[in-house]
Amino acid sequence: MSSSIRRLAARLRWQVCAGALVVCGGLLLGAPGHAADPAQDLRSVDQDVQALKKQLVDLNRDLFRLEEELLYPASTQVAVFLSLDVGTFFALDSVTLKVDDKEVANYLYTDREVQALHRGGVQKLFLGNLKAGEHEIVAFFTGKGPHERDYRRGTTLKFDKAVGAKYLELRISDRQAALQPEFVVRQWE
Amino acid sequence: MSRSRHRRWSLICVAGVLASGVGTGHAEDAARDLPPPGKVRDLDYGDVLFHFFQDDYFDALVRLEVSRDLNRIEHHSAEAELLSGGLYLSLGLHAEASRIFNRLLAGPVPQSVSDRAHFYLARIGYQRGYHAEAWRSLERIRAPLPGALESERRLLASNVLMAQGRFSEAVGALQHASDDDWAPYARFNLGVAMVRSGAAEEGKRLLESVGTMAAESDEERSLRDRANLALGFAHLQERAGEPAVAALSRVRLDGPFTNRALLGLGWAETDVQRPERALVPWLELREGRLLDSAVQESFLAVPYAYAQLASNGQAAQQYRLAVQAYALESTRIDESIAAIREGGFLDAILDAAPRDETVGWFWQLQNVPDAPHTRYLYHLLASHEFQEGLKNYRDLRIMQRNLERSRESLEAFDHMVEAREMATAARAPRKAEVLASTDLDSLLQRQDALTERVAAIAANRDVAAMATDAERKQWAALERIEHVLAGLPPGPQREALAERARLLRGTQLWHFDAEYKLRLRRAEQSLRETGASLAEARERVALVEQAGESAPRDTAGFAQRVDDLARRVDAIGPRIDTTAAAQQQMLANVAVQELEAQKRRLASYAMQAQFALASLYDGATAGAGQ
Amino acid sequence: MQRMDRFARARRRALFETLALLAAAVAGLLVFPIVSDARPAPGSAAPDFALKATDGRNLRLSEYRGDVVVLAFWASWCGPCRDTLAQLNSLPSAAGDATPVVLGVNLEGDDARAAAVAQSLGLDFPTLLDARQSVGRLYDVDRLPLTLLLDRDGVVRGAWSQQGISGEEIARQIEELNL
């Protein structure tokens with residue numbers, strides 16, 4: 001066979017082998033930026049994007065603050081939080097909350113939310129305005145405990161709203177009676 | 001559900017993708033070592049966590065920033081700082097995240113916090129290509145990191161070592177990581193790196209271990225294919241035909257690497273002098289789409305095999321076929337380049353490209369109709385720049401939507417502030433009226449005077465002072481009677497009258513006395529009540545006055561803030577547009593460069609085909625001439 | 001004095017009520033950024049909600065961000081609804097990631113019947129029970145069937161009201177809109 005063809009074949013093979021290695025290796029090892037200039041452009045666009053994202057985070061932060069101060073000024077603000085503190089897995093299903101005999105929250109919990117609560121997250125269940133003075137909250141929760149047992153518990157609390165923002169924490173806990181989730185209410189601030 | 005699937009994908013494929021420098025942030029890992037429930041001491045921090053644990057990173061970050069600004073999470077300051085760094089990182093803000101971690105490390109922090117900060121800094125350094133720095137950060141980690149972060153640290157360590165060419169150390173690092181999910185990916189990376197840098201034997205051993213591993217998921221099977229492919233070509237490089245065949249034969253026949261495996265198999269067969277067997281994979285390969293480089297090469301490989309089999313006529317025919325095919329493909333590429341230059345194709349690609357950053361999905365394009373934009377998608381997604389650019393472009397679009405929502409919120413706030421202004425203005429005249437009509441001062445004066453008098457009465461026991469008018473009249477009448485009596489001549493008549501007067505006076509006195517206590521009490525009670533009411537009224541007036549003064553101030557303050565925010569929104573919008581346009585341009589450039597490289601390769605193949613054809617003719621004429 | 005008290009108190013109450021009303025209205029505006037009389041029009045964000053499914057799980061719409069979602073409102077007495085549900089049950093799956101998530105929302109208020117019908121139709125997507133019709137009101141559903149197509153960011157991109165819809169048409173819309 002012609003030697004030139006053999007040479008062609010050899011060249012081709014080298015291309016193929018190197019190519020294949022580059023392609024399949026490169027997919028996993030691709031170092032950032034092959035050529036100098038494109039990498040530079042990429043970096044500057046990247047910096048711009050990052051700067052814009054930061055501006056957006058700041059903007060959203062300031063909007064959030066403004067919203068809270070406009071709608072829920074500290075003098076009348078009342079926030080009710082919900083947290084879980086249970087030893088075994090408790091599948092919280094729903095929570096209803098009444099303030100001064102008016103229903104203000106009726107929340108259904110998804111698996112994802114329950115998991116987040118179990119990991120230590122605290123839900124801001126309700127944010128509202130109340131005049132200074134005495135008020136009453138009534139809360140119920142339903143859920144499934146170990147062995148598929150259904151639970152429904154309630155609690156009520158009278159509290160005094162003074163000048164500053166009032167935080168109330170509804171904690172579902174089984175510390176008092178083992179394996180029996182109960183409401184424990186706590187006032188903050 | 002999409003998000004958890006996304007997370008699983010990104011976790012498994014991160015090893016491959018991570019090594020290529022694409023940042024799939026893992027802020028969620030920071031969560032695995034957070035304190036167990038019950039230890040959250042600031043409710044607002046718990047709120048941040050609630051969103052964070054559900055992967056709502058942006059939301060979590062905004063709330064975190066707000067809470068820190070308002071000093072609501074003082075019990076968790078170091079953790080919150082670390083978390084914010086992690087969140088910025090997961091949102092792609094490497095620079096900001098670095099700043100935060102470095103600032104954190106500058107102060108006194110517990111070791112668990114500083115360890116993690118060093119880890120994140122190492123990861124950022126690696127992603128940006130500052131390998132030495134990344135290694136230094138890694139070395140500052142004192143204790144094993146909590147949870148899955150430790151496994152990530154090992155991965156990062158092996159990647160950094162590899163990037164620095166410290167292969168033997170990298171192999172050592174992998175020894176301790178054999179149980180980690182990502183270990184096979186790391187072994188693959190290392191294997192390829194070692195083959196490329198001359199430590200072929202060790203490299204091939206690593207590739208072999210991955211190429212023969214048990215694979216349960218599609219990602220794992222894909223990895224195994226890659227390993228066998230790389231191994232096969234490594235063998236081919238050393239002309240070890242049989243082992244190459246063995247490795248390449250393990251590649252799946254219906255996967256993303258089939259074509260290249262077929263190509264390699266052909267070469268392996270020719271290596272062991274079996275060109276007729278080489279034709280089998282090559283002919284099959286040639287039926288594929290020309291946009292695949294392996295297929296392009298098969299057009300040259302097939303006639304080569306025929307030539308080896310001394311079928312020169314066939315060979316010549318196939319070379320001519322090759323030349324035609326290349327020319328056709330080149331034209332198609334020209335068309336694609338023109339389409340890119342015209343613009344607008346990017347959105348089509350973006351919408352077609354999936355959200356997951358999985359490499360290797362593009363083989364599915366083989367099954368998709370040959371629409372203009374899909375042709376080059378196939379090639380482009382292998383490029384790192386393109387992936388990064390695509391991510392940026394997508395993020396910019398999301399930012400536009402967020403900005404739009406912000407704009408709408410601000411409009412609502414604007415209305416609210418206006419309403420407040422109007423309400424305050426409406427109340428002003430009424431308020432002035434009420435304040436004017438209330439002569440609190442004179443009321444207060446009267447109250448004071450009355451209080452004094454009652455106190456005097458009590459002090460002096462001035463019983464008569466509490467008498468009613470009727471009683472006073474009676475008392476006066478009695479006094480007149482006594483006066484008259486005094487002027488009467490003594491005698492039994494006078495005695496009887498005097499006696500009666502004395503009785504009456506006694507009754508009256510006794511009555512007054514009894515009533516006095518009661519009346520005094522009532523008077524004092526009344527005074528107290530009116531005193532309280534007056535005090536309340538005074539307070540209210542003061543409040544109303546104060547509100548009258550502060551409300552316009554507050555409202556003005558809010559109005560100012562709304563204006564400022566609106567200005568910021570207006571400023572950001574055009575910048576997003578410009579950056580998006582710049583990114584588009586860049587992506588277009590990358591795409592065109594890629595396609596032009598394609599064209600060059602095709603041209604080179606075509607030339608080789610021509611050259612081979614010429615050789616064949618030469619040989620034929622030379623032979624004929626003999 | 002007493003008269004002034006009542007006056008001030010009454011005005012203060014009025015002020016509070018106005019603010020509260022305004023706050024509620026604005027909160028509504030903030031939650032549903034685009035105010036429209038009719039159901040969420042194409043281009044606007046689909047209001048978030050959570051409902052219990054027939055299998056007892058609670059499902060929240062916003063957790064499906066990242067997927068293309070088809071929301072199908074129905075009731076058992078509505079024939080075209082059942083046809084639509086059957087169509088949605090066997091959506092032609094497009095290449096790769098593009099298979100949409102289907103969520104059925106039953107507005108009857110009779111959970112048992114809804115579950116029974118869902119089972120008889122052999123639906124393999126969740127049936128959410130809106131017993132109090134809170135979501136029905138949220139989406140201003142006045143005619144059935146109502147089928148909405150949401151993109152991966154939760155924005156309404158297609159709406160079919162008072163008519164059934166075929167699987168092909170949904171798939172075509174998804175394709176055309178490049179969702």
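**Helix 16 of chain B**

I looked up which residues of helix 16 of chain B are buried, and I found B:Pro275, B:Ala278, B:Leu279, B:Pro281, B:Trp282, B:Leu285 and B:Arg286. I note that the model is a predicted one. Helix 16 runs over residues 275-286 of chain B and has 12 residues. I compared its span with the expected value: from first C-alpha to last, helix 16 reaches 16 Å, close to the 16 Å expected at 1.5 Å a residue. I then asked which helices its buried residues pack against. They pack against helix 15 (258-271) and helix 17 (293-308) of chain B.

**Helices 15 and 17 of chain B**

I next examined how these two neighbours are arranged. As a reminder to myself, two packed helices are described by the angle between their axes and the distance between the axes. For helix 15 and helix 17 of chain B, I noted an angle of about 20° and axes 10 Å apart. Angles under 35 degrees count as roughly parallel, and helix 15 and helix 17 of chain B are therefore roughly parallel to each other. The crossing of helix 15 of chain B past helix 17 of chain B is left-handed.

I listed the residues that make this contact. Helix 15 of chain B contributes B:Asn259, B:Arg260, B:Leu262, B:Leu263, B:Gly266 and B:Thr270. Helix 17 of chain B contributes B:Ala294, B:Val295, B:Glu297, B:Ser298, B:Ala301, B:Ala305 and B:Gln308. I sorted the contact by class and recorded six nonpolar, five polar and two charged residues.

**Chain B overall**

I checked the secondary structure of the whole chain: chain B has 24 helices and zero strands. Of its 626 residues, 41% are buried. Among contacts in chain B with a separation of 6 or more, 62% are accounted for by residues 24 or more positions apart.

I also looked up a backbone angle in chain B. B:Asn71 is not a glycine, yet its phi is positive, at about 55°. I located B:Asn71 in the loop between helix 4 (57-69) and helix 5 (77-90) of chain B. Is B:Asn71 buried or exposed? With 10 other C-beta atoms within 10 Å, B:Asn71 is exposed, because a residue with 12 or fewer counts as exposed.

**Chain A**

I turned to chain A and recorded three helices and eight strands. Along the sequence, I read the pattern of chain A as α-α-β-β-β-α-β-β-β-β-β. Chain A has 189 residues, and 33% of them count as buried. Of the contacts in chain A between residues at least 6 apart in sequence, 64% join residues at least 24 apart.

A positive phi appears here as well: A:Asp101, a residue other than glycine, has a phi near 70°. I placed A:Asp101 in the loop between strand 2 (91-99) and strand 3 (102-108) of chain A. I counted 9 other C-beta atoms within 10 Å of A:Asp101, which is exposed.

**Contact of chain C with chain A**

I asked how many residues each chain gives to this contact. Chain C gives 12 residues and chain A gives eight residues. On the side of chain C that touches chain A, helix 1 (2-31), strand 1 (50-53) and strand 2 (58-60) of chain C each supply at least two residues. Helix 1 of chain C provides the largest share of that side, four residues. By class, I recorded seven nonpolar, one polar and four charged residues on the side of chain C that touches chain A.

**Chain C overall**

I recorded five helices and seven strands in chain C. Their order along the sequence is α-β-β-β-α-β-α-β-α-β-β-α. Of the 179 residues in chain C, I noted 29% as buried. Residues 24 or more positions apart make up 67% of the contacts in chain C with a separation of 6 or more.

I looked up the peptide bond between C:Leu144 and C:Pro145 and found it to be cis, with omega about -5°. C:Pro145 lies in the loop between helix 4 (134-138) and strand 6 (146-150) of chain C.

My last entry concerns C:Gly167, which belongs to helix 5 (residues 167-176) of chain C. C:Gly167 has 16 other C-beta atoms within 10 Å and is partly exposed. I also noted its separation from C:Tyr139, 28 residues apart along the chain: the two C-alpha atoms are separated by 23 Å.

Methods: Residues numbered from 1 in each chain as written. Chains lettered and ligands numbered in written order. Predicted model: local features only at pLDDT ≥ 70, side-chain atom pairs only at ≥ 80, totals over all residues. Buried ≥ 20, exposed ≤ 12 C-beta atoms within 10 Å, placed from the backbone. Contact = placed C-beta atoms within 7 Å. Nonpolar A, V, L, I, M, F, W, Y, C, P; charged D, E, K, R; others polar. Expected span 1.5 Å × (residues − 1). Axes fitted to C-alpha atoms, helices over the stretch in contact; angles between N-to-C directions. Parallel < 35°, antiparallel > 145°, perpendicular 65-115°, else oblique. Left-handed = near helix turned anticlockwise from the far one by under 90°.
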